[in-house]
Amino acid sequence: MTKIMTLVQASSRDLYILVGVVFVLALLPLGVSPFLLSVGTSVLIFALAGVGWNVLSGFAGQFSFGHAAYFGLGSYTVAILLTKYSISPWIGLIAGGFVAAIFGLLVGWVSFRFGLKGAYFALATFAVAEMLRLTFNSIDYFGAGIGITIPLVDGDDWARIQFSDTRALHYWFALGLLAVSIVAVIAIKRSRIGSYMFAVREDEDAASALGIDPLRTKLIAISISGFITALAGGYFTLFFLFIDPDVVFGPLVSVAILLRPIVGGVGTIWGPVVGAAILSLLGELTRTLVREPPAFLSFLEGANGLDQVLFGFILIVMIIRAPDGVLGWFRRKREKGTE
Amino acid sequence: MTTILDVQGVSKSFGGLKAVFEVSIDLEDGEILGIIGPNGAGKTTLFNMISGAIPADSGSITFDTTRIEHMKPHDIAGLGLVRTFQVVKPFAGLTIHENVLVGAFLRRQDPNEADEQAHKMMELTGLTPYAERSAQDVTLAIRKRLELARALATDPKVLLLDEVLAGLTPTEGVEMIDVVRSIRDSGVSVLIIEHVMAAIMALSDRIAVIHHGELLAIGVPASIVKDPRVVEAYLGEEFQIAPD
Amino acid sequence: MQGRSRTFIWAVLAFVVIGVAFAIMQTSWWDSNDTVFIQAVVSGMLIGGVYGLVAMGLSLVFGVLDIINFAHGALMTIGIYASYLLFQNYGIDPYLSLLVTVPLLFVVGMGIQRFAINPVMTAPVHNQLLLTLGIAIMIENLLLVFFTGTPRSIELSYARGSFDLGFMTLDFPLRVFGAVVSMPKLIAFVMALVLALVLYILIQRTWLGAAIRASAQQPEGAELVGIDNRRIYIITFGIGAAAAGAAGGLVMPFLFVSPTAGATFTIIAFIVVVLGGMGSIPGAVVGGFIIGLTQELSQLFVSGSSKLLGVFVVFILVLLFRPQGLFGARQR
């Protein structure tokens, strides 16, 4: 209890923000179309996956380009347990987290023991995710290339986390998962292991001179990271009701996961959430622009792919102009202002 | 007095070069032992072996009662033998406070206790005014003190200081000497490599002279300056007892 | 060090030779599999040559600029479309149009480096990676906007003809021990080796190459002797893009032309680069062959698995045991 109190005191600002953000986001279903709400749910799911990525790559500084591996393991664990063994996704989500965490330990142990860093670690994680995708594609038990469809049930079923009024409840559930994960990340940031992750990210030699075991720290980071991202993947199964290896293990999933925290601000608590919000707004904006352009841009109408061109362009400008993400950009503006 | 760190006949070669050869030194509990020698004499290599950064080819290193010559740096630091780096290695992306906090966590789980310890160490090293500054935006003198504060925050029994005075102005140097003294007075034994001779003569209880990777002499400063081997081989060239 | 790396290369070659010999013995017991096996080897070599070609430019950029260029495949796609459009609209032979596509991509590459990548040369890995990813997204979708996603292909009139070489007549598609060799693939293979040689000479034997190597190994030192690193980076990226353009032009005749046609090569090219050693042209060629053969043969021996699975296994092993690659000297 006292531990919780000290955490609340020490991280009060982040926690107040969390309460505020969750409150506002929770009201969203009341005034939004079902379509936008389902967009919102997937935004939350990928924000959650980004929160997980951020622990390994932002906090501990080990850039992963293959977090689809953990996302997919979470997805498949929930799907297999539910469809083959009728095990509730409540258990499935947690089990998926542990499967991913253990897999992360394995990948991390091998690659960190062999000293993989930077670009090489990134490429290795990519290869690992691709290997999982190809393996799952060829194993019948996992539905091979056909994938797994989650059968629908009538009415609300809390044991299966399936709801007739699907969107609002799904949205709130995803929001709950995200909020819990952010509380966990706030606690990590404030705790010893968080401090150690930052130290290892900044300078491994200096960290070990202060008694920190870099390997152990990175392994803890990769397992927590995998766990959270697997929660997102597991919930994706319940929301989307269909998965196949390309959908959950594909390279685009890895990119989608890392894009959000990078745009928002790597290594910050709120980066993944801010990034997810900005990217989805941006995505909707460019899509709308192409669908119903204003008069002077009428030539854009119906140009398939143009939204992606704009998206790519904004991404490029953002990385050049705001290299430490939107939050970093604001912080630097503020610091300039105060000096 | 008991021996807290006992180095017996350690050697290290890089390729054909004998960087350190059969060096034996002992550090008594509560003393400051200075190590001097010209550039390239093998002082930092010796430090790297004691702190576990590089393995010794032969010889034994005993800390308290534990043999540490085959242990990893973080395990050695965990035992209470902590080093600083000659080329400072601050955690550049963190604030001064967060840097010191990393060290404070070694013996404390609780964030509040660690925080308390970090503030104490910043106070001791005069870093409190800079607590919220980013470690990459401060002067070298501040970063040198940060190096020290971070190591101190781990509650070490023995500190290995690698040229903490180098690059400092005379005033900054005097402040740093005071800090090192107060560290010793708080019960920490100190092994210090230094180039600024006046400082180390005044600071050290005993001095070890290393030349061409070998231990030339070890003893109290007064006897070291009189030792003919030291004078002949080393002191004659560039050594000054008093500053200019 | 030198001796050890040579040992490793010999070990790998010996491994491949023994593997192939073993495979031949195996297959000779089932005569019906003979052709299948030879076809796999031939296809592996041919596609391996192309992989090497794609990887060369990437390797140069990776080795000199230390940038993971995820837009490499997209640059290749520009080459593919340029070549396709010149053929479709003006009837220009794809091999002749290399004279256009290669300079075009050189300029495009220089522009990208100058305006997009030079500003982030000191940024962390993830930002550089994302930037090139953004460039790839832009290029691919611009092509989508202008040319739609419909896959297209061309037919070269002479690809199925006979050629009299004086001492013998070649009938395309060629048959080598029962394996089919199409003319465009053979040309791409031969040209890949030629271009590798050109690039190798450029890097090893010219003043520009010396400057590039200096800039890669000792940026500060290069600066001291009057080399403008940023200009070298621009030129190097231009050369890398030009190589991608050449690869695009050469694969166009036997590929479905689509906005993502080149992207499929990006990852393979990265694997080849790491395998061969970053910055090494011979490494890219040998790495290309190894990956091409691995891809075709692993599918033969482990039935039901994807072509790429074996490739990724090889990749992970190289990353762990020889991260500097077969020909790489530089330690991470």
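The crossing of α3(C) and α5(C) is left-handed, and it is a good place to start in this predicted model. The two helices span residues 72-90 and residues 125-147 of chain C, and their axes come within 8 Å and cross at roughly 25 degrees. α3(C) and α5(C) are therefore roughly parallel to each other, since angles under 35 degrees count that way. If you would like to trace the contact by eye, look on α3(C) for C:G73, C:A74, C:T77, C:I78 and C:Y81, which meet C:I135, C:A136, C:I139, C:E140, C:L143 and C:F147 on α5(C). By class, the residues of this contact come to eight nonpolar, two polar and one charged.

Keep α5(C) in view, for it leads straight to the neighbouring chain. Where chains C and A touch, 35 residues of chain C are in contact with 35 residues of chain A. On the chain C side, at least two residues each come from α5, α10 (263-276) and α12 (307-321). Of the elements there, α5(C) gives the most, with 15 residues. That side of chain C is made up of 26 nonpolar residues, eight polar ones and one charged one. As for confidence, chain C has a mean pLDDT of 82, with 83% of its residues at 70 or more.

Now step across into chain A, whose secondary structure comes to 15 helices and two strands. Its radius of gyration is 20 Å, close to the 20 Å that the globule rule gives for 339 residues, so chain A is as compact as a globular protein of that length. Measured out along its principal axes, the C-alpha trace of chain A spans about 55 × 55 × 45 Å.

Within chain A, helix α10 (residues 214-240) is a handy landmark, and we can look at two of its partners in turn. One is helix α3 (residues 34-59), which packs against α10(A) at an angle of about 170 degrees, with the axes 7 Å apart. That makes α3(A) roughly antiparallel to α10(A). The crossing of this pair is left-handed. On the α3(A) side the contact includes A:I45, A:F46, A:A49, A:W53, A:L56 and A:F59, while the α10(A) side includes A:I224, A:I228, A:L231, A:Y235 and A:F239. Sorted by class, the contact of α3(A) with α10(A) holds 18 nonpolar and four polar residues, with no charged residues.

The other partner is helix α4 (residues 68-85), whose axis comes within 6 Å of that of α10(A) and crosses it at roughly 50 degrees. α4(A) and α10(A) are therefore oblique to each other. Here α4(A) passes α10(A) in a right-handed crossing. Among the α4(A) residues in this contact are A:G72, A:G74, A:S75 and A:T77, and among those of α10(A) are A:G226, A:T229, A:G233, A:G234 and A:T237. The class count for α4(A) with α10(A) is 10 nonpolar, nine polar and no charged residues. A:T229 belongs to the contact with α4(A) and also to the contact with α3(A).

Chain A meets chain B as well, in a contact that takes 24 residues from chain B and 19 residues from chain A. The elements of chain B that give two or more residues to this side are α2 (73-79), β6 (81-83), α3 (96-104) and α4 (111-124). The chain B residues here divide into 12 nonpolar, eight polar and four charged.

Chain B itself has nine helices and 10 strands. With a radius of gyration of 18 Å, close to the 18 Å that the globule rule gives for 244 residues, chain B is as compact as a globular protein of that length. Its C-alpha atoms fill a box of roughly 55 × 45 × 40 Å along the principal axes.

How far can you lean on the details of chain B? The chain averages a pLDDT of 87, and 95% of the residues score at least 70. Among its elements, α3(B) has the highest mean pLDDT (94) and helix α9 (residues 228-238) the lowest (65). Just beyond that helix, pLDDT stays under 50 over residues 239-244 of chain B, for which the model has seven contacts beyond four places in sequence. Where pLDDT is low, the predicted coordinates should not be read in detail. For the model as a whole, the scores are ipTM 0.88 and pTM 0.86.

Terms used. Residues are numbered from 1 along each chain as its sequence is written. Chains are lettered from A and ligands numbered from 1 in the order in which they are written. This is a predicted model: local features need pLDDT of at least 70, side-chain atom pairs count only at pLDDT 80 or more; totals for chains, interfaces and linings use all residues. Two residues are in contact if their C-beta atoms, placed from the backbone, lie within 7 Å. Helices (H or I, at least four residues) and strands (E, at least two) are DSSP runs, numbered from the N terminus. Ala, Val, Leu, Ile, Met, Phe, Trp, Tyr, Cys and Pro count as nonpolar, Asp, Glu, Lys and Arg as charged, and the others, Gly among them, as polar. pLDDT is the predictor's confidence in each residue, from 0 to 100. Axes are lines fitted to C-alpha atoms, for helices over the stretch in contact, and angles run from 0 to 180 degrees between N-to-C directions. Angles under 35 degrees count as roughly parallel, over 145 as roughly antiparallel, 65 to 115 as roughly perpendicular and the rest as oblique. A crossing is left-handed if the near helix is turned anticlockwise from the far one by less than a right angle, and right-handed if clockwise. The radius of gyration is taken over C-alpha atoms; the globule rule is 2.2 Å times the number of residues to the power 0.38.
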